[in-house]
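The following exercises concern strand pairing, burial and backbone geometry in a predicted model. Each task sentence is followed by a worked solution.

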Amino acid sequence: MNKGSAASVKREGGALLVSALVGFLVGAAVVAVLLWRDREPTARPAQPAASAGPPPVPAPVPGAPRNTPPPAVTPAETRSWPAIPLPPAGERAGDLAERGLLVPVQGVGRAALRDTFGETRGDGTRAHEALDILAPRGTPVLAVEGGTVRKLYASERGGLTLYQFDPSETYAYYYAHLDRYADGLAEGQELTKGQVLGFVGSTGNAAPDAPHLHFAIFRLTPEKQWWKGDPINPFEVLRGLR
Ligand SMILES: [Zn+2]
C-alpha cells in the first residue's frame with residue numbers, strides 16, 4: 001500500500017518528499033514498536049538496567065536456567081533437605097561426648113562399633129536402645145569412666161548385669177550378658193576408668209554362639225533409681241559425635 005501511494009505521488013512533485021518521509025517514519029515507528037515489543041519479555045528481568053543497551057545479553061541468561069531446572073526432577077526432595085536440620089546428636093548425649101568414654105570391650109576400636117540403638121528386639125515388640133559389641137567370650141569388659149558400682153543384677157533378659165553410676169550421678173551405664181564379674185567386685189565399689197568389671201558372655205537372652213556386651217547409657221531421673229532413666233545412644237557418645 002505504501003509503495004502504491006508513494007508511486008502515484010511521485011508525479012506530483014513537491015508532495016513526494018513529504019509523503020515519503022511520513023511513510024518512512026510510520027514504517028520505522030511500526031518496526032520500532034515491533035522490535036521493542038519483541039524485546040520486552042526477555043528484557044523484563046533486566047529492565048531497570050537495560051534501558052539503553054539493545055544487545056541481547058539478558059536473553060540467554062534467563063533462557064538457560066529456565067531450561068535446566070526441569071530435568072532435575074526432584075525439586076520437592078531437595079527442598080526438604082535444607083528444611084530438616086541434622087539430628088542434634090551432641091545435644092541428646094549431653095556432655096558425655098566430651099568425656100572421652102572408653103569403648104567398654106577391651107581391644108575393640110571406635111571404628112568397629114555399629115549403631116544398633118534404633119533396632120528392635122523381642123520380635124519387634126521393644127526398642128533395643130543400646131549398643132551390642134561383639135567379642136569372643138571372656139574378653140574383658142571395662143568401665144567406660146570412673147564412678148560407682150550401683151547394682152549387680154541378674155535378670156532374665158540381661159543375664160549377669162552391672163549398673164554403674166557416673167561420678168556426678170547424672171548417668172547410669174549398663175553392662176549386660178556378662179559371662180562373669182571380675183573377682184571381688186561389689187556394689188558400692190568405686191571404679192576407675194578402664195577397670196575390668198567382668199567378661200563378655202552370652203548370659204540372659206543372648207545367642208550362645210554370639211557372645212557380646214550389651215551396653216546402654218541412660219540419664220537418671222531426680223530419684224536416681226538404677227533401673228530408670230532416659231536412654232541415650234552409646235554409639236553417638238563413643239564415636240565422639242557432637
Ligand atoms: Zn543388645
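**Exercise 1.** Identify the residue of β10 that is the bridge partner of Tyr173, and describe how the two strands pair.

*Solution.* Step 1: the bridge partner of Tyr173 in β10 is Ile217. Step 2: this bridge belongs to the pairing of β7 with strand β10, residues 212-220, in which six bridges join the two strands. Step 3: β7 and β10 run antiparallel.

**Exercise 2.** Determine which further strands pair with β7, and give a bridge for each.

*Solution.* Step 1: strand β6, covering residues 159-165, is joined to β7 by five bridges, and the two run antiparallel. Step 2: Phe165 has Ala172 of β7 as its bridge partner, and Leu162 has Tyr175 of β7. Step 3: β6 and β7 form a hairpin with five residues between them. In that turn, Glu169 has a positive phi of about 55°. Step 4: strand β9, residues 196-200, pairs with β7 in the antiparallel sense over three bridges. In this pairing, Arg180 stands opposite Phe199 of β9.

**Exercise 3.** Trace the pairing of β6 on to strand β5, and state how many residues of β6 are buried.

*Solution.* Step 1: strand β5, residues 147-155, is joined to β6 by seven bridges, with the strands antiparallel. Step 2: Leu152 has Leu162 as its bridge partner in β6. Leu162 in turn is bridged to Tyr175 in β7. Step 3: β5 and β6 form a hairpin, with three residues between the strands. Step 4: β6 is mostly covered, as five of its seven residues are buried.

**Exercise 4.** Decide whether His177 is buried or exposed, and describe its surroundings.

*Solution.* Step 1: His177 lies in strand β7, a strand of residues 171-181 that is mostly covered, with eight of its 11 residues buried. Step 2: a residue is buried if 20 or more other C-beta atoms lie within 10 Å of its own. Step 3: His177 has 26 C-beta neighbours inside 10 Å and therefore counts as buried. Step 4: leaving aside neighbours within four places in sequence, the contacts of His177 include Gly158, Gly159, Gly201, Ser202, His212 and His214. Step 5: Asn205 is 28 residues from His177 in sequence, and their C-alpha atoms are 7.9 Å apart.

**Exercise 5.** Describe the largest nonpolar core and state which element gives the most to it.

*Solution.* Step 1: the largest nonpolar core has 37 residues. Val141, Tyr174, Tyr175, Leu213, Phe215 and Ile217 have the most contacts inside it. Step 2: at least two residues of this core come from each of β3, β4 (140-142), β6, β7, β9, β10 and α6 (234-238). Step 3: β7 gives the most, with seven residues. Step 4: Val141 illustrates the packing. Leaving aside neighbours within four places in sequence, its contacts include Pro104, Val105, Tyr175, Leu178, Val196, Phe199 and Leu213. Step 5: as general background, nonpolar side chains tend to be buried together in soluble globular proteins.

**Exercise 6.** Compare Asp123 and Glu129 in location, phi and exposure.

*Solution.* Step 1: Asp123 is found in the loop between β1 (120-121) and β2 (126-127), and Glu129 in the loop between β2 and β3 (131-134). Step 2: the phi of Asp123 is near 55°, a positive value in a residue other than glycine. Glu129, also not a glycine, has a positive phi of about 55°. Step 3: a residue is exposed if 12 or fewer other C-beta atoms lie within 10 Å, and buried if there are 20 or more. Step 4: Asp123 has 6 C-beta neighbours inside 10 Å, so it counts as exposed. Glu129 has 19 other C-beta atoms within 10 Å and is therefore partly exposed.

**Exercise 7.** Summarise the protein chain as a whole: how many helices and strands are there, and what share of the residues is buried?

*Solution.* Step 1: the protein chain has six helices and 11 strands. Step 2: of its 242 residues, 24% count as buried. Step 3: among contacts in the chain with a separation of 6 or more, 60% are accounted for by residues 24 or more positions apart.

Notes:
Residues are numbered from 1 along each chain as its sequence is written. This is a predicted model: local features need pLDDT of at least 70, side-chain atom pairs count only at pLDDT 80 or more; totals for chains, interfaces and linings use all residues. Helices (H or I, at least four residues) and strands (E, at least two) are DSSP runs, numbered from the N terminus. Two strands pair if DSSP finds at least two bridges between them. Two residues are in contact if their C-beta atoms, placed from the backbone, lie within 7 Å. A nonpolar core is a set of buried Ala, Val, Leu, Ile, Met, Phe, Trp, Tyr and Cys residues joined through C-beta atoms within 7 Å.
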